[in-house]
Amino acid sequence: MKRRQLSKAIHATLVASTLLWAPAWAQEAAVPEKTKQAAQDAKTLDTVTVTARRRAEPIQNVPVAVSAFGEEQLKDLQASNVDGLQGAVPNLNIVQGRGSANSVNVFIRGIGQPDALHTFDPGVGMYVDDVYFSRINGALFSLFDIADVEVLRGPQGTLYGKNSTGGAIKLTTRNPFDYQGGSVEATVGNYGRAEGRFYAGGQLSDTVAGSIAGAWITNDGYVKNLAGGHRFNDDDTRSVRAKLGFRPSERFEAMLSVDHTRQDAALTMGRAMANLIRTDLALGPVVLQPGATGDWDYSAQTSFAPGKGQEMTHEGASLSMQWTLSPQWLLKSITAWRKLKTHSYIDIDASKWELGDVLVALNQNQRSQELQLQFDNGAGINAIFGAYWMREHVPSYQEAYASDLYAIAGNRISFLRTISDDLTTTSSAAFAHVNWAFAPSWTLSAGVRWTRDHKTYWRTTSTFWGAPFTGLNGTVPFPTTSATWTAVTPSFSLQKKLGDTLMWYVSANRGFKSGGFNGRANTAYDVAHAKYDPEYVWTYETGLKLESSDHRLRGAIAAFSSHYKDFQARVSQDVNTFPVLNAAALSIRGLELEGSALIGDHVTLMGQMSWLDAKYDRFDDFRLDPSFPGYDPTISHAHVPFSPRFTARVAVQRGFDLANGSRLAFGGDLSYRATTWLSVDNRDVLKQDYYSVVGLYGVWDSPQDTWQVRMGVRNLTDEHYMIDGQEFSSVANIQTAYYGLPRNWYLSVRYNF
């Protein structure tokens, strides 16, 4: 690692450690666009309102570790997709999923789920307008119609639609009652980047409002195809969302939302980091391709024929209604339907060899219903009582190609595996949460949730070998089987106002993630041992939220300890066997700081810093038993994946008022991430050493906010860094790394009307 990166890291850490103030990029969270001018002219930081506890509250009053971002703050982060939050939130790891143009890998405080296979549930809940998205496929959301984003850290086991162990990310789209007018935006950049976005909305009458928003996002890809032709890691996404609101009185409101996204992308290619090895029955192990060394030149070659890419259609509808039954009681209903269809080729070995190439096609749909009854007596007691139901159906079809995996004296032996399976999940829950201000400066909160998850699964695996192994061909059935898991997940918090600008809290929360069935059960033994158990976590937290008396400094600090058990680990045993183990218990401790300061009238300084100590108390792995035939001493569980010990970010923005009434602002940020392990088995080649990333931008707003011109560059110093890893070492020694974007620039022009 270069010396300049170490100096940057030290600088970022020292600066961020002096900032104990809440995120300035959240200043406009949930603030309509028309109030932007007032916010920019203000001499204090705006009040930030969040819905972390399913009702609107100032962020400084919520005993939850939460970060919030408004529309303009997301632009200042230069975040076009949800993974643009990387570096901005303490102890958050959010990146594009391995080998996929549409999935997201999210870890919060060392807890998540990197495997996009549909038989795994996410560790971090993803929500759009309070609707839970049950797959990490399709969750790499484009931020084209977003009012604000909230990131909740720690288990969400009481109030949220689907229980989750790591946390929740909530995206809220614009409400046409609040966002009047519209905008058209065009963006160009290197790597053939060309994007268009639009929004138009407002009240159609005294009682009806509507909006329509869309985005067309394209780029040519940043990975060169060594065989010529279309580049890899590109994008061609088109999205549209329409909303219709009805507010006939102050006592009732309904909002219907319909959205559709279509993506057609080439392969998402990584880099083969270890020797790719063929098993030759006559010659022994043969190295087909040596492992990569040095910096990547962002080029790759695949065994797939041209045109084998990744397609996705994601669509849905939701209806949210709320009735004010009385001054104390509010009833809310959220009804939703979603459908996700993908047809994705993935070159797992990232080479011209056919070793770990797959087709994954699924056709998922889900329906959900949530009811909330909210109470507020206006005298220190408020409560939420609710029920949640979701039914998800996920049939899928897969093919695995590995005709370069085995040979006899250099002659390839063809291999194809086909898989058909079907998973149905029904999740039901009832919950209650009560806040009691039992003294002038004290509030006690308690909640509990009962969850029942029922899953039904069947699977058929067929193998097709070429000569001379055709006698091994056959089908391994997985008869329809079912299982049910229930859990009770309570939460408690106590908070104390220590003055007008300081709040202290302590909390305890339990999280639960359902068990399931191994979606890679290819042998009779695996079928018989396919079921794995749920995960559970208890997190204990204490924190301070503070603000200066002049409202120019704001911040939060949180310390936590988590006890995480029955971690669901997918491991690689041999060419046919990929068991899922409830392998581990973990102890996770951490410290998080985030904040902002308004310096003078035009300079805003922002920062976050986090420390994470995640370690296994135990990891039961039969592959480390010397008596096991597949004993592998190179496996290690010394480090928890996707859990860097330190992250930090410092950002600054300087504004200028020009003589003609227009405004000019320049900003930049430096983010640092410590060493990160990208595989459960701690493969050395899938370890990313510490690195820093720099971004710069400038923005000009016309006098009446009619025009905005923004230009920026991300990864200014062109750092080469890995963000995710694919580890199937039992198959040809596959260990593939996926990289973050190289240096890239853009220019965007927006017209507001």
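In this predicted model, the side chains of E594 and R153 come together in a salt bridge, with 3.4 Å from N to O. The two partners belong to distant parts of the chain, since E594 sits in strand β35 (residues 580–599) and R153 in strand β9 (residues 146–153), 441 residues apart. The structure holds 47 salt bridges, and the points below take up this pair, two further pairs, a charged network and a nonpolar surface patch.

**Burial of the E594–R153 pair**

- E594 has a relative accessible area of 2% and is therefore buried, the cut-off for that class being under 20%.
- R153, with a relative accessibility of 4%, counts as buried as well.

**A salt bridge between strands β35 and β36**

- D613 and R589 form a salt bridge in which the closest N and O atoms are 2.5 Å apart.
- Because D613 lies in strand β36 (residues 603–619) and R589 in strand β35, this pair ties together parts that are 24 residues apart in sequence.
- The two partners fall into separate accessibility classes: D613, at 8% relative accessibility, counts as buried, whereas R589, with a relative accessible area of 41%, is partly exposed, a class that lies between the 20% and 50% cut-offs.

**The E72–R710 pair and the charged network**

- A salt bridge also joins E72 to R710, and here the closest N and O atoms are 3.6 Å apart.
- E72 is found in helix α3 (residues 71–76) and R710 in strand β42 (residues 707–714), so the pair connects parts of the chain that are 638 residues apart in sequence.
- Both E72 and R710 are buried.
- E72 and R710 also belong to one network, in which salt bridges with shared partners join E71, E72, D76, D145, R174, R241, R710 and R750.

**A nonpolar surface patch**

- A nonpolar patch of about 1,100 Å² on the surface is made by V184, V188, F198, I212, V240, W707, M711, W745, L747, V749, Y751 and F753.
- Strands β11 (181–189), β42 and β45 (744–752) are the elements that each give two or more residues to this patch, and β45 gives the most, with four residues.
- V188, one of the patch residues, lies in strand β11 and counts as partly exposed at 43% relative accessibility, a value that satisfies the requirement of over 30% for patch residues.
- Strand β42 thus appears in two of these topics, because R710 of the E72 pair lies in β42 and β42 is also among the elements that give two or more residues to the nonpolar patch.

Technical notes:
Residues numbered from 1 in each chain as written. Predicted model: local features only at pLDDT ≥ 70, side-chain atom pairs only at ≥ 80, totals over all residues. Heavy atoms only, no water. Salt bridge = Lys/Arg side-chain N within 4 Å of Asp/Glu carboxyl O. Buried < 20%, exposed > 50% of the residue type's maximum accessible area, 1.4 Å probe, protein only. Patch = residues over 30% accessible without salt bridge, like charges linked within 9 Å, V, L, I, M, F, W, Y side chains within 5 Å. Areas by Shrake-Rupley, 256 points an atom, 1.4 Å probe, with all protein chains shown as cover.
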